[in-house]
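Let's take a stroll through this model together, going from a single loop out to the whole fold and back in to the aromatic rings. Have the viewer open and keep the sequence at hand.

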Amino acid sequence: MEQTMIQQRIERFKVFGEKLKGAKVYFREDWEVLYFDLQGKMFGMMNDQASEDAIITLKNLPEKNEELREIYKGTVIPGYYTNKNHWNSIKLASDDLNDEAIEQLIEVSYQLVYQKLTKKQKAEIEE
């Protein structure tokens, strides 16, 4: 996949993440990544520059992560710099998973983090 296509995916997923209720997606300087944030908790991170190595790292249930790694060998890999049970990294240069499928995975990651928030935090999001 060429650089411009990868860059378009990065932009698309950033915009998608920002549309989720209460979520923020911003460049985190200390990690040099786009950080997907919900009430100070990470639900994803992604390279901000297009390259063959660009990835998005998302949370999912451990058994689902295993399944995705089996189905999409080489495209979905254990989470980079994260707990390998709970996080997967997806190579953005691969078109094995289309944009809609990755957006669904962003949504799942968001929901898993949302479920762990306190009642107060949830109320702040819902306002």
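In which loop does Y81 lie? Y81 sits in the loop between strand 5 and strand 6. Keep in mind throughout that this is a predicted model.

That loop is a handy place to begin. The phi angle of Y81 is near 60°, a positive value in a residue other than glycine. Y81 is also exposed, with a relative accessible area of 72%. Its ring pairs up with the ring of Y80: the two centres are 4.6 Å apart and the planes stand at 65°, so the pair is edge-to-face. Angles over 60 degrees are what earn that label. Y80 itself has a relative accessible area of 48%, and exposed would take over 50%, so Y80 counts as partly exposed.

Now move on to T82, which lies in the loop between strand 5 and strand 6 (87-91). Here the picture turns inward, because a relative accessible area of 14% makes T82 buried. Setting aside neighbours within four places in sequence, T82 is in contact with M42, M45, T57 and W87.

W87 turns up again when you look at P78. P78 belongs to strand 5, which covers residues 76-78. Again leaving out neighbours within four places in sequence, P78 is in contact with R69, K84, W87, N88 and S89. With 38% relative accessibility, P78 counts as partly exposed. For a sense of distance, try P78 against F16: they are 62 residues apart in sequence, and their C-alpha atoms are 23 Å apart in space.

Time to zoom out. How many helices and strands does the protein chain have? There are four helices and six strands. Read from the N terminus, the order is α-β-β-β-β-α-β-β-α-α. The radius of gyration is 14 Å, close to the 14 Å that the globule rule gives for 127 residues, so the protein chain is as compact as a globular protein of that length. Along its principal axes, the C-alpha trace spans about 45 × 30 × 25 Å.

A few totals for the protein chain fill in that view. Of its 127 residues, 45% count as buried. If you take contacts between residues at least 6 apart in sequence, 53% of them join residues at least 24 apart. The protein chain exposes about 7300 Å², and carbon and sulfur atoms supply 50% of that area. As for charge, there are 18 positive and 23 negative side chains, with the centres of the two sets 8 Å apart.

Next, head for helix 1, residues 3-19, and find G17 there. Is G17 buried or exposed? G17 counts as buried, because its relative accessibility is 0%. Beyond its neighbours within four places in sequence, G17 is in contact with A23, V25, F36 and F43. G17 and Y110 are 93 residues apart in sequence, yet 8.6 Å apart in space, C-alpha to C-alpha.

Those partners lead to the aromatic rings. A pair of aromatic rings is described by the distance of the centres and the angle of the planes. With centres within 6.5 Å as the cut-off for a pair, the count comes to six aromatic pairs. One of them is F36 with F43, an edge-to-face pair at 5.6 Å centre to centre and 80° between the planes. Both F36 and F43 are buried. Which residues form one aromatic cluster? F36, F43, Y110 and Y114 do. So two contacts of G17, F36 and F43, belong to this cluster, and Y110, whose distance from G17 you have just seen, is a member too.

One last stop is back out in a loop. E32 is found between strand 1 (23-28) and strand 2 (33-38). Like Y81, which has a phi near 60°, E32 has a positive phi in a residue other than glycine, here near 55°. At 57% relative accessibility, E32 counts as exposed.

Terms used. Residues numbered from 1 in each chain as written. Predicted model: local features only at pLDDT ≥ 70, side-chain atom pairs only at ≥ 80, totals over all residues. Heavy atoms only, no water. Helix = DSSP H or I, 4+ residues; strand = E, 2+ residues; numbered from the N terminus. Rg over C-alpha atoms; globule rule 2.2 N^0.38 Å. Buried < 20%, exposed > 50% of the residue type's maximum accessible area, 1.4 Å probe, protein only. Contact = heavy atoms within 4.5 Å. Areas by Shrake-Rupley, 256 points an atom, 1.4 Å probe, with all protein chains shown as cover. Lys, Arg positive; Asp, Glu negative; His and termini not counted. Charge placed at Lys NZ, Arg CZ, Asp CG, Glu CD. Phe/Tyr/Trp six-rings, centres within 6.5 Å; stacked < 30°, edge-to-face > 60°.
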